[in-house]
Amino acid sequence: MKPFTYERAASPAEAAAAARRHPDARFIAGGTNLLDLMKLEIETPSHLIDVNGLALDRIEATPDGGLRIGALVRNTDLAADPRIRRDYALLSRALLAGASGQLRNKATTAGNLLQRTRCPYFYDGNMACNKRQPGAGCAALGGVTRQLAVIGHSEACIATNPSDMAVALRALDAVVETVAADGSTRAIPVAEFHRLPGDTPQHETALQPGELITGVTLPPPVGGRQIYRKVRDRASYAFALVSVGAVVQPDGTARVALGGVAARPWRVEAAEPELARGARAAIDAILDGARPTQDNAFKVTLAARTLQAVLAEARS
Amino acid sequence: MRAPDVATTRRDLVTGTAATAAMMAAPSASEARAPAQAAAAPRAAAAALAKVSFRVNGEACRLELDTRTTLLDALREHLRLTGTKKGCDHGQCGACTVLVDGRRINACLTLAVMHEGDTITTIEGLGSPDRLHPLQAAFVRHDGYQCGYCTPGQICSSAAMLDEIRAGIPSHASADLTATPQVTAEEIRERMSGNICRCGAYSNIVDAITEVAERQA
């Protein structure tokens with residue numbers, strides 16, 4: 001690990017000021033992804049700003065009947081919150097399908113959103129990676145791509161974002177709240193939070209340097225059957241090959257977001273009416289334009305079958 | 001090759017052969033608890049130091065550490081609490097599981113300086129050879145290990161995991177999200193998935209945990 005200096009911030013304003021003083025700094029909360037990458041010297045901040053003291057660890061009702069989740073609410077606490085379990089079961093289920101008990105106890109809401117979009121080649125310093133070193137090329141393309149993206153990728157990068165939580169937040173139309181280094185605040189729909197790689201895969205989110213996530217808001221509950229189904233190589237503690245997060249209403253209409261297929265949760269609202277024609281038709285519409293590799297072409301079929309299973313469960 | 005004397009433990013052997021290097025590289029427990037001497041430990045030129053105070057197994061500890069020191073390395077190398085094991089050092093195996101304010105975490109994926117004021121419990125704080133924690137006794141009774149390397153992590157993890165079930169925290173294996181979770185083999189397997197046992201003692205581990213859970217119920 002490269003040496004770094006360390007400070008604890010006591011307020012969002014103090015954290016923002018620290019970020020202005022140290023352009024090379026990173027915020028740290030749970031640290032479960034950042035420290036992993038710092039050990040491998042893939043992340044090399046010269047300064048860490050510990051934001052755990054920012055008192056952003058509550059889940060509060062919003063005036064319109066939704067919930068505001070503080071950036072520092074741990075994944076375990078979010079998944080276990082009675083309001084989330086009752087009204088946003090999809091979010092609870094997605095969180096519980098991710099990582100391990102130890103990691104969920106440490107990982108935060110904001111940190112889960114900010115975990116790196118990644119692939120095994122990103123982790124291997126001996127391989128070319130445009131995310132680690134822009135312009136170096138992508139060893140994954142033409143390499144082993146079974147786990148990697150089938151849609152939205154570019155000639156520069158084919159990594160997927162592994163967050164289960166983000167898939168649920170996308171289906172639930174959540175909004176990310178931030179404070180910038182200059183103190184200004186803004187709200188970013190989760191739909192616009194993660195960027196597709198294009199020719200700058202090193203930029204994974206809409207955040208500006210020094211911008212800090214303060215919370216995530218959920219709109220009022222939408223009801224319906226909320227199901228998160230994750231298909232993976234082992235039964236627990238593994239990234240998704242494909243996951244389907246769905247909110248299915250009694251009339252058969254549904255919101256559907258996919259995980260494991262792209263650099264961001266993949267939802268196409270305009271394709272959702274195709275659900276009336278079945279899971280295969282819906283997936284064909286949702287994944288229209290997909291460019292799977294020989295290794296991961298199975299993911300398109302797997303997505304259709306997983307959605308079929310979700311719809312059957314919703315009807316049961 | 002000559003087998004070591006039966007009275008010589010593996011740790012004695014390793015410590016003995018590496019004694020000189022170890023004495024040079026790491027301060028003793030008593031030294032480590034005094035900040036000034038901990039600061040004198042060898043370090044890279046550009047390393048930054050930071051002070052931190054926390055309680056470990058009931059004892060107050062004040063350390064001044066290279067900011068890069070993980071909680072795991074602080075426990076093992078500075079406080080000489082070697083019960084907590086380093087496996088993968090990347091949060092994948094669970095061998096380093098300790099309890100921080102009662103919650104299980106991977107000690108390898110957190111910085112020691114981030115634990116100001118925290119209460120930390122390691123395997124040494126759960127039980128001792130004379131007074132085994134019920135989970136330690138059950139792991140022995142059910143042969144819940146072979147090499148034993150993952151065992152401290154398994155036991156710390158399972159102690160906190162049973163508390164999580166008692167607190168009503170659901171899991172991926174819970175059929176009903178809003179119901180009170182039950183202690184079943186399926187729940188235990190899912191909730192313990194962050195602890196890998198490469199000897200494959202899983203079925204005996206589940207039996208050991210089940211026995212303790214049933215006795216506590």
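1. Let's start with a helix pair in chain A. The axes of helix α10 (residues 279-286) of chain A and helix α11 (residues 298-315) of chain A come within 8 Å and cross at roughly 130°. The model is a predicted one: local features need pLDDT of at least 70, side-chain atom pairs count only at pLDDT 80 or more, and totals for chains, interfaces and linings use all residues, while side-chain values use heavy atoms, with hydrogens and water left out. Residues are numbered from 1 along each chain as its sequence is written, and chains are lettered from A and ligands numbered from 1 in the order in which they are written.

2. A few words on terms. Helices (H or I, at least four residues) and strands (E, at least two) are DSSP runs, numbered from the N terminus. Axes are lines fitted to C-alpha atoms, for helices over the stretch in contact, and angles run from 0 to 180 degrees between N-to-C directions.

3. Back to that pair: α10(A) and α11(A) are therefore oblique to each other (under 35 degrees counts as roughly parallel, over 145 as roughly antiparallel, 65 to 115 as roughly perpendicular and the rest as oblique). Their crossing is right-handed (the near helix is turned clockwise from the far one by less than a right angle). From α10(A), Ala279(A), Arg280(A), Ala282(A) and Ile283(A) take part in the contact, and from α11(A) the residues include Val300(A), Leu307(A) and Leu311(A); contact means heavy atoms within 4.5 Å. By class there are 8 nonpolar, 2 polar and 1 charged residues (Ala, Val, Leu, Ile, Met, Phe, Trp, Tyr, Cys and Pro count as nonpolar, Asp, Glu, Lys and Arg as charged, and the others, Gly among them, as polar).

4. Now for another chain A pair. Helix α5 (residues 89-96) of chain A and helix α9 (residues 164-171) of chain A have axes that come within 7 Å and cross at roughly 165°, and are therefore roughly antiparallel to each other. α5(A) passes α9(A) in a right-handed crossing. Leu90(A), Leu91(A), Ala94(A) and Leu95(A) of α5(A) meet residues of α9(A), among them Asp164(A), Met165(A) and Leu169(A). This contact has 8 nonpolar, no polar and 1 charged residues.

5. On the wider layout of chain A, the division is into domain 1 (5-49), domain 2 (59-114 + 160-218) and domain 3 (225-315), with bounds from an automatic or database domain assignment. The centres of domain 1 and domain 3 of chain A, taken over C-alpha atoms, are separated by 35 Å.

6. An unreviewed UniProt entry annotates residues 1-223 of chain A as "domain: FAD-binding PCMH-type"; such annotations may be inferred rather than shown by experiment. Over residues 1-223, chain A is 27% helix and 16% strand, with the end C-alpha atoms 47 Å apart.

7. Chain B is divided into domain 1 (49-126) and domain 2 (127-216). Their centres, taken over C-alpha atoms, are 21 Å apart, and 18 residues of domain 1 of chain B are in contact with 18 residues of domain 2 of chain B.

8. Finally, a chain B helix pair: helix α7 (residues 134-141) and helix α8 (residues 151-166) of chain B pack at an angle of about 130°, with their axes 10 Å apart. α7(B) and α8(B) are therefore oblique to each other, and their crossing is right-handed. Leu135(B), Gln136(B) and Phe139(B) in α7(B) meet α8(B) residues including Thr151(B) and Ile155(B). The residues of this contact divide into 4 nonpolar, 4 polar and no charged.
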